[in-house]
Amino acid sequence: MATPRLNDAAIEFLLKGRGGLVDRAMSRHAANVERLAKALAPAETGNLKASITTNRTVVGDRVIWHIGSPLRYARYPNCGTGVYAGKGRIYPRRAKYLVFEWKGRLWRLDSVAGQPAQRYMIEALRRGQPYPVTPLPCS
């Protein structure tokens with residue numbers, strides 16, 4: 001009777017290697033999620049949409065695809081701000097008024113309610129891959 005031998009290097013490549021079977025399938029899912037996130041992200045200037053990228057890393061026996069934006073403000077349209085994030089109205093810290101330009105007009109207000117959550121990243125994840133998704137809470 002023959003004794004089967006496993007090619008550990010081939011199995012390792014299959015599971016974790018660039019271009020391996022698992023990598024190709026998961027990279028396709030990650031590309032779908034990235035494409036959908038860019039389509040669903042709010043766009044006033046287009047910077048947020050343009051900044052969404054996918055990075056693949058191998059950590060021990062895990063291969064992880066990170067899809068997101070490095071911009072500091074990227075989480076706010078996704079999670080919401082102010083009363084929509086459960087934190088109350090937004091007031092100025094160092095001035096009497098909040099002053100900002102929006103839609104070509106200069107605004108000067110005592111406080112603002114904030115921005116409702118648009119959850120574009122979790123929706124892109126739900127639509128872009130076939131596996132069930134449990135969203136992490138925004139904090």
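The following dialogue examines how pockets, salt bridges and burial are assigned in this predicted model.

Student: Why is Asn78 called buried or exposed?

Tutor: Asn78, found in helix H4, has a relative accessible area of 11%. Buried means under 20%, and Asn78 is therefore buried.

Student: What makes Tyr73 fall into its accessibility class?

Tutor: Tyr73 lies in the loop between E2 and H4. Its relative accessibility is 37%. Partly exposed is the class between under 20% and over 50%, so Tyr73 counts as partly exposed. As to its surroundings, the C-alpha atoms of Tyr73 and Leu48 are separated by 8.6 Å, although the two residues are 25 residues apart along the chain.

Student: How do you know that Asp23 and Arg56 form a salt bridge?

Tutor: The closest N and O atoms of Asp23 and Arg56 are 2.6 Å apart. The criterion requires a side-chain nitrogen of Lys or Arg within 4 Å of a carboxyl oxygen of Asp or Glu, and the pair is therefore a salt bridge.

Student: What makes this pair a link between distant parts of the chain?

Tutor: Asp23 is in helix H2 and Arg56 in strand E1 (residues 53-59), 33 residues apart. Both Asp23 and Arg56 are buried.

Student: How many salt bridges does the structure hold, and which side chain meets Lys38 in one of them?

Tutor: The structure holds 3 salt bridges. Lys38 meets Glu34, with an N to O distance of 3.3 Å; the limit is 4 Å, so the pair qualifies. Both residues lie in helix H2, 4 residues apart, about one turn of the helix.

Student: Why are Lys38 and Glu34 given their accessibility classes?

Tutor: Lys38 has a relative accessible area of 29% and is therefore partly exposed. Glu34 is at 18%; the boundary for buried is under 20%, so Glu34 counts as buried.

Student: Why are Glu123 and Arg127 separated by about one helical turn?

Tutor: They are separated by about one helical turn because they are 4 residues apart in helix H5. Their side chains meet in a salt bridge at 3.0 Å, N to O. Glu123 has 27% relative accessibility and so counts as partly exposed.

Student: What makes Leu6, Ile11, Leu14, Leu15, Leu21 and Val22 a nonpolar patch?

Tutor: A patch residue must have over 30% relative accessible area and no salt bridge, and nonpolar side chains are joined within 5 Å. Ile11, one of the patch residues, is at 36% and therefore passes the area cut-off. Together the patch residues have about 520 Å² of accessible area. The elements giving two or more residues to the patch are helix H1 (8-16) and H2, and H1 gives the most, with 3 residues.

Student: Which residues lie nearest the centre of the largest pocket?

Tutor: Of its 22 lining residues, Glu44, Tyr76, Thr81, Trp102 and Gln115 lie nearest the centre. The largest pocket holds about 860 Å³ of space. Strand E3 gives the largest share of its lining, 4 residues.

Student: How do the lining residues of the two pockets divide by character?

Tutor: The largest pocket has 13 nonpolar, 7 polar and 2 charged lining residues. The second largest pocket has 20 nonpolar, 7 polar and 3 charged. The second largest pocket has a volume of about 750 Å³, and among the residues nearest its centre are Ile67, Met121 and Leu136.

Definitions and conventions. Residues are numbered from 1 along each chain as its sequence is written. This is a predicted model: local features need pLDDT of at least 70, side-chain atom pairs count only at pLDDT 80 or more; totals for chains, interfaces and linings use all residues. Side-chain values use heavy atoms; hydrogens and water are left out. On a 1 Å grid over the protein atoms alone, a cavity is a set of points where a 1.4 Å probe fits but cannot get out, and a pocket is an open set with protein on both sides within 12 Å along at least five of seven lines; lining residues have an atom within 4 Å of a point. Grid points are joined across faces, edges and corners, and a volume is the space filled by probe spheres set on the points. Ala, Val, Leu, Ile, Met, Phe, Trp, Tyr, Cys and Pro count as nonpolar, Asp, Glu, Lys and Arg as charged, and the others, Gly among them, as polar. Patches are made of residues with over 30% relative accessible area and no salt bridge: like charges are joined within 9 Å, nonpolar side chains (Val, Leu, Ile, Met, Phe, Trp, Tyr) within 5 Å. Accessible areas come from the Shrake-Rupley method with a 1.4 Å probe; for residues, only the protein chains shown count as cover. Buried means under 20% relative accessible area, exposed over 50%, partly exposed in between (1.4 Å probe, protein chains only).
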